[in-house]
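Please look through the sequence and the structure shown below, and then follow the explanation from one pair of charged residues to the next, ending with a group of strands.

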Amino acid sequence: MLLICVGAVLLTLTSCDDYDSWTQSPDAVLTFSADTLAFDTVITRHSSTTRTLVVFNRASKGVRIQHVALEQGRTSNFRVNVDGEYLAYGEGDDFEIRARDSMYVRVEVTVPEAGGPELNHLKDYLHFTLENGRTQKVLLTAEGMDVEEHKGLSILNDTTINSPIPLLIYDSLSVAEGAVLTLAPGTTLMFHDGAEVLVRGTLKARGTLEKPITFRSDRVDRMFDYLLYDNTPNRWGGIHIFGSSKENELVQCDIHAGQYGIRCDSTDVANLTLTMENSVIHFVGQDALSLTNCQTRIFGSQISNAGGRCLYICGGAHSFLHCTVAQFYPLESGGGDALYLTNQVEDVYYPLYWCEFYNSIITGRAEDVIMGSIAENEEYKCDYVFDHSLLRTVVSDDELRFKAVRYDVKDSTDYCADKNFTLYDDYAFLYDFTPDSVSTARDMADPQWAELCPVDRFGRNRMADGKPDAGAYEYLPR
């Protein structure tokens, strides 16, 4: 028994000796979690988020690192913390990694102004010099874009924004009643957390195929290596169009990652509140497009992936042509309906003068994504129709309201819902709602209606083969 105890003590001492021993072998090397630590595009003059590099010692003995230094030293725009120690002036000495252990290196960067719309590219090297004289290095890269910052922006008179660099908005952008804000093609508006567009006057945002207009958040970094914050919801507010507003235009616009998309308040239905063409509202935390007792015209647009409802309509007069309304919200809440149609809010009734969907797709993950609450009588008008559209809902025998439709339901091939589209990636939150080659939406649209919206958001001619597809996008062979 005594011999066993002595042996155990000797084994423990030997293990400790191995653990505490250090090698100066010329073969000793470090390994890194990455040979390049790359920052996504960051806003110039703003500190980046922190990126982490893990340094491994795979050897059976410890390794001493005599010196860690940025190649550009104190002039570097990168800031480095090694194993809890900040590298003052870009360098530090005497670090250790025990046998089969690791240490963490944290890196931040502040990119200087670029002085224009071009990105400012930076690079530096982080050098690790071991006790055996060997030097290893990791490349650090970053690129920064200039922005024009506004701490609250109030438009009181007719104004045109034509900026070659993005505008970064804090505390919201408001358009006063009677004022018109015009956004030039190529304009990018970036919003800080909670900031909104508040339109009491009129918003004219007419982008082009080559120069779309973008409404997005100011989070340009990543939540995880595979997931951009820009691909996630609730990063800013949304666009709120008040009852005093009319004749708003959104053409070739991309609105994404907000708390909501566009919210139109009740107004005089005789006035056209919103025209939206070849635009996108995507991945928001609440309703994507909410229309209450107003008049709208929505052509060639994608309304998708909402934590609330993709499309909420309560009364008014609305025309949808070649639209894709797709509810595949990937987060745990699952999202609401793709379309919710009603003519009442509690005890208040709003006549639905017309609501027409032509050559469109309304689909989603659930088996029935079209819901509503309709009060129909002589006093409360309710007029709606689905024509040459692909619908994921129960089959209806109402041939006056459901004309030449196809139902997006399972068949012998199980080809429905997300299977209709080109890209569906719930992991990285990437989606392309262009029809797949064998999509049910192929060639089903009415050519006469398609002539009113002949080109999709990507510039594809719907009429090229004489058989336009339903939805916002025309199939493109790959």
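In this predicted model, D225 is exposed, its relative accessible area being 61%, and it forms a salt bridge with R51 in which the closest N and O atoms are 3.5 Å apart. Because D225 sits in the loop between β19 (222–224) and β20 (227–228) while R51 belongs to strand β3 (residues 51–57), the pair ties together parts that are 174 residues apart in sequence. R51, for its part, is partly exposed, with a relative accessible area of 22%.

A search of the whole structure finds 18 salt bridges, and another of them joins E249 to R206, with the closest N and O atoms 2.8 Å apart. Here E249 lies in strand β22 (residues 248–251) and R206 in strand β17 (residues 202–206), so that this salt bridge ties together parts 43 residues apart in sequence. E249 counts as partly exposed at 22% relative accessibility, and R206 is also partly exposed, at 45%. Elsewhere, R45, E113 and E149 are linked in a network of salt bridges.

The strands offer a second view of the structure. In strand β32 (residues 324–327), T324 and A326 point one way whereas V325 and Q327 point the other way, and all are buried; in a regular strand, side chains alternate between the two faces of the sheet. Strand β29 (residues 302–306) pairs with β32 in the parallel sense over three bridges, and S304 stands opposite A326. Strand β37 (residues 361–364) also pairs with β32 in the parallel sense, over four bridges, with I362 of β37 standing opposite V325.

Methods: Residues are numbered from 1 along each chain as its sequence is written. This is a predicted model: local features need pLDDT of at least 70, side-chain atom pairs count only at pLDDT 80 or more; totals for chains, interfaces and linings use all residues. Side-chain values use heavy atoms; hydrogens and water are left out. Buried means under 20% relative accessible area, exposed over 50%, partly exposed in between (1.4 Å probe, protein chains only). Helices (H or I, at least four residues) and strands (E, at least two) are DSSP runs, numbered from the N terminus. Two strands pair if DSSP finds at least two bridges between them. A salt bridge is a side-chain nitrogen of Lys or Arg within 4 Å of a carboxyl oxygen of Asp or Glu.
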